[in-house]
Amino acid sequence: MYIIHSVNKSAFEEEIKSGFYGKESIEKFGFIHCSEISTYALVAPNFKSERAERLILVIDTDKVSAPIKWEDGGGVDFPHIYGLLSKSAIVKVLPHLWSENREWIKNPELENIC
């Protein structure tokens with residue numbers, strides 16, 4: 001199964017140099033927030049006002065060694081990763097696409113893995 005995570009591009013590029021991602025998120029929230037591709041449209045508006053470039057990480061859950069718990073996020077269960085994410089579990093890094101009105105545009109590459 002594939003899940004996705006949105007991240008600030010410069011923060012990701014700096015953190016992944018260690019071979020792992022998620023240290024800052026785990027320190028702040030206790031886990032890495034993720035979503036299914038089908039529910040990401042509910043999450044994307046949270047980043048609408050940010051002007052820093054964002055990325056979407058496509059994560060293969062079979063390659064994640066940390067526990068993944070599906071937890072309620074206001075009526076929808078979202079996957080949360082309780083540990084660092086190894087670089088090998090990230091199978092694609094895509095640009096976060098926005099319309100002129102700052103609505104998320106689903107990346108064409110995500111169509112084939114839903």
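Begin by selecting H33 and H80, since in strand 6 the bridge partner of H33 is H80. The model in the viewer is predicted, and for that reason local features are given where pLDDT is at least 70 and side-chain atom pairs where it is 80 or more, while totals for chains, interfaces and linings use all residues. Residues are numbered from 1 along each chain as its sequence is written, and side-chain values use heavy atoms, with hydrogens and water left out.

**Confidence**

Colour the chain by pLDDT, the predictor's confidence in each residue on a scale from 0 to 100. The mean for the protein is 94, and 99% of its residues reach 70 or more. Among the elements, helix 4 (residues 108-111) has the lowest mean pLDDT, 92, and strand 4 (residues 54-60) has the highest, 98. Helices and strands are DSSP runs numbered from the N terminus, a helix being H or I over at least four residues and a strand E over at least two.

**The sheet around strand 6**

Stay with H33 and widen the selection to strand 3 (32-33), strand 5 (68-72) and strand 6 (77-81). These belong to an open sheet of 3 strands in the order 3-6-5, with antiparallel pairing. Strand 3 and strand 5 stand at the edges, each with a single partner strand, so one side of each has no neighbour in the sheet. Two strands are said to pair if DSSP finds at least two bridges between them.

Strand 3 and strand 6 are joined in the antiparallel sense over 2 bridges, and besides the H33 bridge there is one in which I32 has I81 as its partner in strand 6. On the other side, strand 5 and strand 6 run antiparallel and are joined by 5 bridges; select E71 to find its bridge partner in strand 6, F78. The hairpin of strand 5 and strand 6 has 4 residues between the strands, and G74 in this hairpin takes a positive phi near 90°. Strand 6 is mostly covered, with 4 of its 5 residues buried, where buried means under 20% relative accessible area, exposed means over 50% and partly exposed lies in between, with a 1.4 Å probe and protein chains only.

**An aromatic pair**

Next select F31 and Y82, which form a tilted aromatic pair, 5.2 Å centre to centre with 45° between the planes. Rings of Phe, Tyr and Trp (its six-membered ring) pair if their centres lie within 6.5 Å, and planes under 30 degrees apart count as stacked, over 60 as edge-to-face and the rest as tilted. F31 lies in the loop between helix 2 and strand 3 and Y82 in the loop between strand 6 and strand 7 (85-86), so the pair ties together parts that are 51 residues apart in sequence. F31 counts as buried at 12% relative accessibility, whereas Y82, at 28%, counts as partly exposed.

**Strand 4**

Now select strand 4, where 7 of the 7 residues are buried, so the strand is largely enclosed by the rest of the structure. Both of its faces are covered, with R54, I56, V58 and D60 on one side and L55, L57 and I59 on the other. Strand 1 pairs with strand 4 in the antiparallel sense over 7 bridges, and V7 has L55 as its bridge partner in strand 4. Strand 8 (residues 90-95) also pairs antiparallel with strand 4, over 5 bridges, and here V58 stands opposite K92.

**Two loop residues**

Go on to D62, in the loop between strand 4 and strand 5, which counts as exposed at 67% relative accessibility. Then select R102, in the loop between strand 9 (97-98) and strand 10 (104-105); R102 counts as buried at 17% relative accessibility. R102 has a positive phi of about 65° although it is not a glycine. The C-alpha atoms of D62 and R102 are separated by 32 Å, and the two residues are 40 apart along the chain.

**The largest pocket**

Finish by selecting H5, S6, F29, H33 and F47, which lie nearest the centre of the largest pocket among its 23 lining residues. Elements that give two or more residues to this lining are strand 1 (2-8), helix 1 (9-15), helix 2 (23-29), helix 3 (40-43) and strand 6. The largest share, 5 residues, comes from strand 1. A pocket is an open set of points on a 1 Å grid over the protein atoms alone, where a 1.4 Å probe fits, with protein on both sides within 12 Å along at least five of seven lines, and lining residues have an atom within 4 Å of a point. The volume of the largest pocket is about 590 Å³, a volume being the space filled by probe spheres set on the points, which are joined across faces, edges and corners.
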